[in-house]
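The following note sets out comments on the model under review. The points are numbered for ease of reply.

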Number of protein chains: 4
Amino acid sequence: MDIQQILEDIQAEVRPLLDQGRVASYIPELAVVPGDKFGMVVRTVDGASYAVGDAGERFSIQSISKIFTLTMAMQLAGDDLWKRVGREPSGNPFNSLVQLEYENGKPRNPFINAGALVVTDVILGHLDNATETVRDIVRGLCDKDDIDFDLAVAGSEQATGHRNKAMAYFLKSFNNLDNQPERVLDAYFHHCSLAMTCLELCEAVLFLANNGVAPLSGDLVMTGNQVKYVNSLLLTCGTYDAVGDFAYRVGLPAKSGVGGGIVAIMPGQFSACVWSPGLDASGNSLAGSKALELFTTKTGVSVF
Amino acid sequence: MDIQQILEDIQAEVRPLLDQGRVASYIPELAVVPGDKFGMVVRTVDGASYAVGDAGERFSIQSISKIFTLTMAMQLAGDDLWKRVGREPSGNPFNSLVQLEYENGKPRNPFINAGALVVTDVILGHLDNATETVRDIVRGLCDKDDIDFDLAVAGSEQATGHRNKAMAYFLKSFNNLDNQPERVLDAYFHHCSLAMTCLELCEAVLFLANNGVAPLSGDLVMTGNQVKYVNSLLLTCGTYDAVGDFAYRVGLPAKSGVGGGIVAIMPGQFSACVWSPGLDASGNSLAGSKALELFTTKTGVSVF
Amino acid sequence: MDIQQILEDIQAEVRPLLDQGRVASYIPELAVVPGDKFGMVVRTVDGASYAVGDAGERFSIQSISKIFTLTMAMQLAGDDLWKRVGREPSGNPFNSLVQLEYENGKPRNPFINAGALVVTDVILGHLDNATETVRDIVRGLCDKDDIDFDLAVAGSEQATGHRNKAMAYFLKSFNNLDNQPERVLDAYFHHCSLAMTCLELCEAVLFLANNGVAPLSGDLVMTGNQVKYVNSLLLTCGTYDAVGDFAYRVGLPAKSGVGGGIVAIMPGQFSACVWSPGLDASGNSLAGSKALELFTTKTGVSVF
Amino acid sequence: MDIQQILEDIQAEVRPLLDQGRVASYIPELAVVPGDKFGMVVRTVDGASYAVGDAGERFSIQSISKIFTLTMAMQLAGDDLWKRVGREPSGNPFNSLVQLEYENGKPRNPFINAGALVVTDVILGHLDNATETVRDIVRGLCDKDDIDFDLAVAGSEQATGHRNKAMAYFLKSFNNLDNQPERVLDAYFHHCSLAMTCLELCEAVLFLANNGVAPLSGDLVMTGNQVKYVNSLLLTCGTYDAVGDFAYRVGLPAKSGVGGGIVAIMPGQFSACVWSPGLDASGNSLAGSKALELFTTKTGVSVF
């Protein structure tokens, strides 16, 4: 298969969709990103990589950071993590508080906001310098020392993220945060503000397609069994309340962010990352979802 | 790998669990099945099959029948099906009416009871003899002419299935049933009452591991793309409100029934079926789930 | 105060509202009632009565019948009734199933449909001829032997009342119906179909303004304490999910029906009944609610 | 009727209940109040007052303060207030966030916490010195210049009121707070911390029984129509999710607080206040509710 050609075909096919999504507007810094950006990268475990479009431009990874914080929390807390956060799809919007109240403050999974706040709290309980450690691990995974937080984005979230603040205080009221809500929120907003390219994200998550081994360094990030766990969580919980539709159309474990990025994993074979800022009603990149759907359809490769 | 030996090891390991689940009691016919039954079969697309325990004993397939009715409805109605039923995990018990009310009578997916009632209604709208046709297709898939409904089970459901009746009338009140609720319920209860063995179920669903082709007959049951669709729905919606946990532990598309059966699919490789009547709190076979978890852990084979 | 003049002023004031409500359309027999009908009656405990408009025309009392069935069930079952139905406002539409599921089949109060079905089931458990007995008691209260069920209305409900059927089977699934759902529904639909005039309804409920004594017969229908109970339930639960707004504007215990009737009670002083078929979004008579609001505003008489 | 004797009888009858409720423990300052305190006062519009027990001891009025803030907001904002807060019973616990999410940030009524936060925000939008103004109005109503905030209680709420903070940020996320959440919370916690006696509270709310006129000063606090509005809101929304049961048993408009106080109004006749710190499951004073029930039963006086 000519992967490069397939990516170029996809790029042409999704072009009409680029202006149909809605760029996230609740953060001024995200709202100004041009809606016609599109980049896509496929990086195989064998060392090959294929790229089209704006694949080398950094964007706000937002919720994709939840992969890295979950990975760290699984290493730090082991199975105790699952006493504080569940492993089930929520069936509700990513920032809903309803289920949290019915289920006494235990978030459904680590990929909805409430779950990621608990995951962040777990990391803060183990590390003095948790915020920077997460960044440094990401730097190491893709061997890029200049990956960093976008402090303007993080600051905007601090100023306007009322719903996330409500969630953190709500978790605290159920005794499911050990640290002060403001401290957890600060770390969380920083992680979400990391700016990376499609190429960098593909490198950074490639261990999930490579049985836990980071290809660049040869380091074992997690065991093969843990990789199976993370990929299953990505497939059942990684794309907000559209997981079923996404699995149906794309058929790969994936995580999206409101910055318009999506990373996807084909175990044993490759990681992929697509970026297009316009979002669909569920908060996933509209053209990005389509691009991944086209990729698995054209190649016939999916976990199903 | 010595699959036969692995199955025998698993059989020994799960024995202590056999009396820890709860046999479904709301139907008298299910309640009398001995709780210590256990059977397991793996059937590869290459023609090999491995079996342990009570693999040749028929049991009530119950919700596993939803695979067959969904397959038929996809063939009969095409994409129109998705106007009447969704593709998202529900995050709620399989027989909940709450979500149905909030979402105006459109069930979340075809594998919760409300969704299966709509699927049944779709089939009834296309076929004069829908109830028997479903049975005959199952017979054909595993080449066993004596597979049949258990009329005592179907009759018990008619007499005691008040919640399913509530659901059917509720769907009707939202105009999401074309036929009379009593007619839909009758067909639905019949399909659930089909009695099959683990071996027969493995044969019957093997097309989902074989790119849509039924191995016994060589018939194309559905296209490869449709297989991807069904398998993704199984993975995200097939095991009630424990889909996340099941995907995490087992990592295979699967469908369970309150009769204690579970079928699972490894695309391109095999189908598996396990039966043990004792259920866990989510309504999935307790020992059956564990057996499948052990199988994917011991073999290292899962979609992730 | 010149009550007659006040009623005539009100009749003039609400005229512009008569075509702004929506006549209930789910039953064909209700849908054909002209939307410009308006009648209003005030009947004092001292024997005076004042009437305007279509006060002598019979209409379908629908949920107003819940007053009579509750009265009977309180007499027959005493405080045991409250084990099966609550006394709290529901905060949800009158035919919602959501709360019923969360609260395990115990309806919030006797004036939402689910609660009235349980009340009907209680009566059926005590009386052989419950359906007719309810009618006969109403006949006695207003001394009119020709008050009767409208069998066309009752039959329409049987044919189209899918949501009420869903509710009855749902209650049965929680073991909160002793009788078969179809039998309970039949009685319930009959009671709702009673046809009465504003004058007759004022007579029939006047005991609630008269310390429990039916003025016409002098019979003690219930004790003064029981009257307090029923009136408090009417005020907090009698007008669907608009009880707060209704209490705010009108300030009287009241019960509405989708036939467009509303009865209201001023303890110690009078009963009132208004009829206008056009309904507001909550299912209460639009002009009827306004007429009662004008009455308590003009007279300065309310329980507050 | 010998009111004093009736109060003394009630005091004797409720004594066995004093140790059966649970004193609110989430604020240390409330937790240390002895559970066997009991005071009760009835104050008529004619100038008579009757008192038993600890009627002269100050306690934390907590949610009873919502009467005073609502009164102010109605004066300041008029009917615009109802664009931001509803008038319906919630049917949910007083600090639930579920309904708030479903209803897009518009609280059901001014007496649940979310509603009171919005009411406080309204006052803050009109007055520079809102916190103190509320206190001064209360001082004026009962002519006691030393009524004041309990700063230890207010400080405790600031430190531990995570759920109220969650609610304030949630309201802000729906744009239903104009001021910063921290500022609204500070004012709200101060108002709740007011310490008053039963006698003082009876004076302070007596205008609600006196057609809007404050008996001590002769000032018109609100019009008779506004009094009807407030009393109807008290009856349908004043006692958390037990309004139906409270109206059934007591039959008076009333407002309770977690400090164990309850005030009740008999329009045209009297105000009553009871204090007993032990709470029932709904958060209302256990012995206090019983005392009011006994009072309306023994006197035969209620709005119904």
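**Strand pairing and chain contacts**

1. In β3(C), C:Ser49 is the bridge partner of C:Arg43. The model is a predicted one, and this pair is taken as the starting point for the comments on chain C. The two strands concerned, β2(C) and β3 (residues 49-53) of chain C, run antiparallel to each other and are paired over 5 bridges.

2. What links β2(C) to β3(C)? The two strands form a hairpin, with 4 residues between them. Within the turn, C:Gly47 has a positive phi of about 105°.

3. β2(C) also pairs with strand β9 (residues 270-275) of chain C, again in the antiparallel sense, and here the pairing extends over 6 bridges. One of the residues involved is C:Met40, whose bridge partner in β9(C) is C:Val274. β2(C) is thus paired with β3(C) and with β9(C).

4. Is strand β2 of chain C mostly buried or mostly exposed? The strand spans residues 39-44 and is mostly covered, with 5 of its 6 residues buried.

5. Turning to the relation between chains, a turn of 180° with a shift of 0.0 Å along the axis lays chain A on chain D, and the RMSD is 0.0 Å. This is the relation of a two-fold axis. Which C-alpha of chain A is nearest that axis? It is that of A:Ala166, at 2.0 Å from the axis.

6. The contact between chain A and chain D takes 12 residues from each of the two: 12 from chain A and 12 from chain D. On the side of chain A that touches chain D, α5 (98-102) and α9 (162-173) of chain A each supply at least two residues. The element that gives the most to this side is α9(A), with 8 residues. By residue class, this side of chain A divides into 5 nonpolar, 3 polar and 4 charged residues.

7. Why may the copies be said to meet through the same surface? Of the interface residues of chain A, 100% are also interface residues in chain D, so the two copies use the same surface to meet.

8. Two other chain pairs should be described as not touching. Chain A and chain C are joined by no contact, and their closest C-alpha atoms lie 10 Å apart. Likewise, chain B and chain D do not touch, the nearest C-alpha atoms of these two chains being 10 Å apart.

Notes: Residues numbered from 1 in each chain as written. Chains lettered and ligands numbered in written order. Predicted model: local features only at pLDDT ≥ 70, side-chain atom pairs only at ≥ 80, totals over all residues. Least-squares fit on C-alpha atoms with pLDDT ≥ 70 in both. Contact = placed C-beta atoms within 7 Å. Nonpolar A, V, L, I, M, F, W, Y, C, P; charged D, E, K, R; others polar. Buried ≥ 20, exposed ≤ 12 C-beta atoms within 10 Å, placed from the backbone. Pairing = 2+ DSSP bridges.
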